[in-house]
Amino acid sequence: KYLIILLVLLIIGSVMFWFWQRPDKPNRFEGTLKEVKVNSILVQGQYTVDREKGSKELMILEIKIDQSTRIIRNSFIFPKGEGMVKMDELPKKESQVNFETLKNDSKRSAIGLFVDLTWDILGYTKPMAKEVRYLVPEP
């Protein structure tokens with residue numbers, strides 16, 4: 001009887017260890033900012049594993065933001081009268097900003113986000129953001 005219990009506990013422990021240590025844990029979420037809340041953001045997008053798309057379906061995820069979250073703003077200026085331009089060729093200015101700046105930018109423009117998470121998002125309804133990067137046109 002004790003041998004069966006020990007065997008079951010060993011199997012459960014092995015499965016939990018594999019799940020925790022697996023190399024394909026999603027650690028990033030990429031998408032479009034939908035809403036800014038008090039201490040979190042709603043993002044519609046996909047999780048990624050080492051920059052590879054982890055999900056084909058779009059989902060909405062609430063991500064917590066706190067004082068330790070780095071928020072990086074990449075701003076760019078569209079040249080006037082040049083027609084089609086490549087985003088990679090536009091001059092960009094990178095700066096670290098606060099949550100309020102992100103909130104204000106979201107009111108005037110659609111924002112694409114890249115969010116690095118402090119842990120994998122599977123099994124968590126509100127993961128914590130370690131770093132948020134976003135791209136926005138200059139006003």
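In this predicted model, Arg70 is partly exposed, with a relative accessible area of 36%. Its salt-bridge partner is Glu131, and the closest N and O atoms of the two are 3.4 Å apart. Arg70 belongs to strand S5 and Glu131 to strand S8, so this pair ties together parts that are 61 residues apart in sequence. Glu131 has a relative accessibility of 13% and counts as buried, because the cut-off for that class is under 20%. The salt bridge thus joins a partly exposed arginine to a buried glutamate.

A second pair involves strand S8. Glu94 and Arg133 form a salt bridge, with 3.1 Å between the closest N and O atoms. Glu94 lies in strand S6 and Arg133 in strand S8, and the pair links distant parts of the chain, 39 residues apart. Glu94 is exposed, at 52% relative accessible area. Arg133 is partly exposed, at 23%. Arg70, Glu94, Glu131 and Arg133 are linked in a network of salt bridges.

Strand S5 also takes part in a salt bridge with a helix. The side chains of Asp105 and Arg73 meet at 2.6 Å, N to O. Asp105 sits in helix H2 and Arg73 in strand S5, 32 residues apart, and the pair links distant parts of the chain. Both Asp105 and Arg73 are buried. In total, the structure holds eight salt bridges. Side chains of opposite charge can pair when their charged atoms come close.

The chain as a whole contains two helices and eight strands. Their order along the sequence is α-β-β-β-β-β-β-α-β-β. The chain has 139 residues, of which 35% count as buried. Among contacts between residues at least 6 apart in sequence, 53% join residues at least 24 apart.

The largest nonpolar core comprises 21 residues. Those touching the most other members are Leu33, Ile41, Ile63, Ile71, Leu102, Leu113 and Tyr134. At least two residues of this core come from each of strand S1 (28–36), strand S2 (40–49), strand S4 (59–64), helix H2 (99–108), strand S7 (112–117) and strand S8 (129–137). S8 gives the most, with four residues. In soluble globular proteins, nonpolar side chains tend to be buried together.

The surroundings of Ile41 illustrate the core contacts. Neighbours within four places in sequence are left aside here. Ile41 is then in contact with Leu33, Glu35, Val36, Leu61, Glu62, Ile63, Ile65, Phe99, Leu102 and Leu113. Of these, Leu33, Ile63, Leu102 and Leu113 are, with Ile41, among the core residues that touch the most other members.

The largest pocket has a volume of about 200 Å³. Its lining consists of Val38, Asn39, Ile65, Asp66, Gln67, Thr69, Arg70, Ile71, Gln96, Val97, Asn98 and Phe99. By class, the lining divides into five nonpolar, five polar and two charged residues. Strand S5 (70–76) and strand S6 (92–97) each supply at least two of the lining residues. Arg70 therefore appears both in this lining and in a salt bridge with Glu131. Ile71 is shared between the lining and the most connected residues of the nonpolar core.

Loop residues contribute to the pocket as well. Gln67, a lining residue, lies in the loop between S4 and S5. Gln67 is exposed, with a relative accessible area of 82%. Its C-alpha atom is separated by 9.6 Å from that of Asn39, 28 residues apart along the chain. Asn39 is also part of the lining. Asn98, another lining residue, is in the loop between S6 and H2. At 45% relative accessibility, Asn98 counts as partly exposed. Asn98 and Ile72 are 26 residues apart in sequence, with 8.6 Å between their C-alpha atoms.

Ser68 is placed in the loop between S4 and S5, as is Gln67. Ser68 counts as exposed, at 57% relative accessibility. Ser68 and Lys130 are 62 residues apart in sequence, and their C-alpha atoms are 7.2 Å apart in space.

Terms used. Residues are numbered from 1 along each chain as its sequence is written. This is a predicted model: local features need pLDDT of at least 70, side-chain atom pairs count only at pLDDT 80 or more; totals for chains, interfaces and linings use all residues. Side-chain values use heavy atoms; hydrogens and water are left out. A nonpolar core is a set of buried Ala, Val, Leu, Ile, Met, Phe, Trp, Tyr and Cys residues joined through side-chain atoms within 4.5 Å. Buried means under 20% relative accessible area, exposed over 50%, partly exposed in between (1.4 Å probe, protein chains only). Contact means heavy atoms within 4.5 Å. On a 1 Å grid over the protein atoms alone, a cavity is a set of points where a 1.4 Å probe fits but cannot get out, and a pocket is an open set with protein on both sides within 12 Å along at least five of seven lines; lining residues have an atom within 4 Å of a point. Grid points are joined across faces, edges and corners, and a volume is the space filled by probe spheres set on the points. Ala, Val, Leu, Ile, Met, Phe, Trp, Tyr, Cys and Pro count as nonpolar, Asp, Glu, Lys and Arg as charged, and the others, Gly among them, as polar. A salt bridge is a side-chain nitrogen of Lys or Arg within 4 Å of a carboxyl oxygen of Asp or Glu.
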